Amino acid sequence: MCSVVGYVGKNQSKAFVLEGLTRLEYRGYDSAGFACISPESNRLACVKSQGQLQNLLAKCKQMPVDGHLGIGHTRWSTHGAATEANAHPHFDCQKSISVVHNGIIENHHELREALKKAGHIFVSDTDTEVIAHSLEAVLPIHKRIKPAMVELVNKLEGAYAFVAIMQSFPDQMIAVRKRSPLCIGIGRDELFVASDPLAFAGRTKKVIYVPDEAFVIMKAAPRHVSDSQKSPLELALSSSETANLELYSFSGTLLKPDIQELDVDWTDTEKRGHEHFMLKEIYEQKGAIASTVKYYQQLGNNLYKQMELSKEQLKDLKSIKMVGCGTSWHAARIAQFFFEEIAKVPTSIHLASEFRYMPFFNYENSLYIAISQSGETADTLEVVRMINDKECTTVALTNVPSSTMVREANGFLLTHAGPEIAVASTKAFSTQVTVLFWLAHRIALDKGLITMRQLQVAEEDLLIAAEVLENTIDTYRKEISATLAKKYAQFNRAIFLGRHISYPFALEAALKLKEISYIFAQGYPAGELKHGPIALVDSLTPVFLFSSLDPMIYQKLVANAQEVKARKGHIIAFAFEGQKELISLADCVFMIPKVHPLLGPLAMTGLMQFLSYAIAKELGCAIDKPRNLAKSVTVE
Ligand code: M6R
C-alpha cells in the first residue's frame with residue numbers, strides 16, 4: 001500500500017509525478033503529496049492534501065512551482081491518522097530533505113526517541129519521518145551520499161521502499177528498497193522511479209527492478225562520454241535511453257543493474273461508459289475468462305516451463321498447498337474442490353497472514369501455489385519467500401506479469417483479466433477460478449485420469465459458465481436496480497450461507513458486500529447454522545443462500561433453508577433452475593442456468609457481484625475506492 005513515484009531528468013517533474021500517482025492511486029488514497037526542488041531557489045517546495053488524489057491535483061494547480069527532481073506519494077495510513085500532517089512527503093528539521101515511503105519502519109519508535117534526544121523535532125505521527133531525520137543526522141558526518149546511505153539503511157528495520165531528495169544534492173535522488181517493491185524506468189535523459197512500473201509504462205520500455213536490500217543514486221544530468229568510457233549499464237542501453245545511476249547493496253558494494261524489457265501497458269483504463277470501474281470489470285469477466293482459457297489452450301508444454309516443473313513432477317504431486325488473502329484465498333478454497341475431485345491431489349488452503357507463523361512441514365512432492373491478483377500482497381509474498389528458503393516449489397498465480405511475486409516465485413501462472421482498477425476484486429477472482437479449474441484438469445490428464453477430450457470439455461464448460469455469469473446479470477439487472485437494491489440496502493447486517501463448494505463462495509459474496517457497502521455480512525457453512533449463528537436469524541437479517549448442483553448437498557441446503565424459514569428468516573436464494581423446493585422456500589430467488597457442478601460458483605459470480613454493487617450504489621458508497629482500503633496491500 002502507498003505508492004512512491006519520482007522523476008529526475010531533463011523535463012519538469014510534476015506532470016509525470018502526478019500522472020504516476022493517478023495510475024497508482026489503487027495502492028492507497030487517504031492522502032497524497034508532491035515535493036520538488038525548485039531550480040530557481042534550489043529549495044524544496046511541497047504540496048500535500050488529505051483525501052483522494054483529486055484534492056492534491058486541485059491544490060497543485062494553484063501552486064506553479066516545479067522542478068527537474070520531484071517525488072510524490074499516495075498514502076494508505078499505517079502510522080498516524082489520514083491527516084495532512086501525516087501525508088507524505090516528510091521532512092527533516094531544516095526542511096532540506098524530503099522523503100516518500102511505502103512500507104513500515106519497524107524500529108521507528110526507538111529511532112524517533114533517540115533522534116528526539118539529539119534535538120530533532122517531529123511534526124507527524126508517521127514512521128516515515130524518522131527516515132528524513134536520520135538522513136539529516138548522518139549526511140553531515142559522511143558528506144557524501146553513498147556512505148551516509150550505508151549507515152542509514154543499516155539503522156532501519158522493517159520492509160520498506162523510499163525515495164528521497166535533498167537540497168544539498170539538488171541534482172540527485174535516492175531510491176531504497178528492502179522487501180517492498182521499487183523499480184526504475186530509464187528514458188532519454190530522464191529516470192523514473194515508482195512502486196509499480198505502471199507509473200511509467202508507455203514512457204520507456206527499459207526497467208530495472210531494484211534488487212532487495214539495495215539503494216540507487218540517480219542523477220539528473222546524463223553523462224556525455226565516449227563508448228569506451230561508458231559503464232556496462234550505459235552500454236546496455238540504446239541511443240534513445242540514457243541512465244546516470246549507481247546501484248549499491250546495503251553494504252555499499254557497487255552492483256550491476258539488470259535492465260529488463262518492460263512488458264506493461266497503460267491502456268484499457270477508462271470506464272468505457274460505465275459508471276464505475278467495478279461495473280466495467282464485472283462485465284469484462286466473460287471476455288477475461290475466454291482469453292484466459294484461450295491462453296492455456298495454446299500454452300502446450302510451455303506450461304511446465306512457466307511453472308518450473310516437469311511433467312513428471314506435476315504427475316507425481318503428493319499435495320498442493322495454496323496461500324492467499326481475501327478474494328484470492330476464496331478462489332483457492334473453491335479450487336480445493338477442483339484439485340481433490342478432478343486431479344485427486346490432496347489440497348490444503350492457507351491464509352497467507354497466518355501461514356508464516358504456523359509450524360512448517362516439508363512434505364515431499366508438494367507444490368505451493370501463491371494466489372494474488374496484484375502479485376504484491378506482502379503477506380503472500382512473505383510466504384513465497386519463506387517457502388523458497390525451505391527449497392520447496394513455489395508457483396505464483398497472478399494477474400500482473402511484472403509483479404514481484406512472478407519474479408520471486410520459482411514458477412508462475414497468469415490470469416488474463418487485464419488491469420483490475422476497482423478495489424473490490426471481480427474479474428481477477430473469476431479468472432483465478434478459471435485457471436485453477438483448467439490446471440486441475442491438466443494435472444488429471446497428465447496423471448491419466450481423464451482424456452484430452454475431457455480437458456477440452458472442461459474448457460467448454462468454463463466458457464459456458466462465463467456466458468451464464470454475464471447473462472444472469474442481464475436477466476436481473478433491471479429488477480435489482482429498480483427495487484431489490486433499495487430493499488436490501490435497508491438492512492444493517494446479513495448472513496451468507498453455502499455448503500461444500502458454495503461455502504467459500506458465500507464467504508466471497510459476504511466480503512464483496514461488506515467491503516463496498518459497509519453492511520456487516522457474515523459467511524457461514526450452512527450446516528454450522530444450527531450450532532450457534534441461527535440465534536442471529538430474524539426478520540431484520542436477510543439470509544443469502546447459495547445452492548449447489550450436487551443433489552446430496554442440495555438436499556442438505558434445503559433443510560438449512562427450512563430451519564431459517566421456521567424462524568421467520570428472510571431468504572434470498574441463488575438457486576439453479578429446477579430446484580423447486582429451495583425456490584418455494586425463498587423470499588427472493590435468482591435462478592441460475594445449470595452448468596458443470598463445480599462451476600456453480602463461477603456461474604453465480606456476476607450476479608452476486610452486481611447485487612453488492614447495486615446495494616452499495618444505492619447507499620451512495622465510494623464503490624471503486626471504499627473507505628479504509630487499498631487495492632494492493634503491501635504491508636503485513
Ligand atoms: O492482490 P491480492 O489478490 O493478493 O489481494 C488480496 C486481497 O487484498 C484482495 O483480494 C482483497 O480482499 C479484495 N479487496 C477483495 O475484493
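A salt bridge here is a side-chain nitrogen of Lys or Arg within 4 Å of a carboxyl oxygen of Asp or Glu. Keep that in mind; we start with one example. K59 forms a salt bridge with E84, and their closest N and O atoms are 3.2 Å apart. K59 sits in helix α2, while E84 is in the loop between β4 and β5 (90–91). The two are 25 residues apart, so this pair links distant parts of the chain.

Some ground rules. This is a predicted model: local features need pLDDT of at least 70, side-chain atom pairs count only at pLDDT 80 or more, and totals for chains, interfaces and linings use all residues. Residues are numbered from 1 along each chain as its sequence is written, and side-chain values use heavy atoms, with hydrogens and water left out.

Back to our pair. Buried means under 20% relative accessible area, exposed means over 50%, and partly exposed is in between (1.4 Å probe, protein chains only). K59 is partly exposed, because its relative accessibility is 32%. E84 is partly exposed too, at 37%.

How many salt bridges are there by this rule? The count comes to 22. One of them joins K625 and E25, at 2.7 Å from N to O. K625 lies in the segment after α20 (600–618), and E25 in the loop between α1 and β2, so the pair ties together parts that are 600 residues apart in sequence. Are these two side chains buried or exposed? K625 is partly exposed, at 24% relative accessibility. E25 counts as buried, at 7%.

A third salt bridge brings R177 and E408 together, 3.5 Å from N to O. R177 is in strand β8 (residues 169–178), E408 in helix α14 (residues 404–408), and 231 residues separate them. R177 is buried at 5% relative accessibility; E408 is partly exposed at 24%. Salt bridges with shared partners join R177, R179, E382, R385 and E408 into one network.

Now the sheet. Helices (H or I, at least four residues) and strands (E, at least two) are DSSP runs, numbered from the N terminus. Two strands pair if DSSP finds at least two bridges between them. What is the strand order in the open sheet of eight strands? It reads β3-β2-β4-β1-β10-β9-β11-β15, with antiparallel pairing. β3 (44–50) and β15 (259–261) are the edge strands; each pairs on one side only. The twist averages 20° from one strand to the next.

Look at one pair inside it. Strand β1 (residues 3–9) and strand β4 (residues 69–75) run antiparallel, joined by six bridges. V8 stands opposite L69 in β4.

Helix α1 (residues 14–23) packs on the sheet. It touches β1, β2 (31–37), β4 and β10 (190–194), where contact means heavy atoms within 4.5 Å. Its direction makes about 160° with that of β1. For angles, axes are lines fitted to C-alpha atoms, for helices over the stretch in contact, and values run from 0 to 180 degrees between N-to-C directions. Helix α2 (residues 53–62), home of K59, lies across β2, β3 and β4, at about 140° to β3.

Last stop, the ligand. Which residues are closest to it? They are S328, S372, S374, T377 and E515, among 15 that surround the ligand (a heavy atom within 4 Å). Polar contacts are pairs of N or O atoms within 3.5 Å; within protein, one must be able to donate a hydrogen and the other to accept it, and residues adjacent in sequence count only if both atoms are side-chain atoms. A polar side-chain atom of S328 lies 2.6 Å from an oxygen atom of the ligand. For S425, a polar backbone atom is 2.8 Å from a ligand oxygen. K512 places a polar side-chain atom 2.9 Å from an oxygen atom of the ligand.
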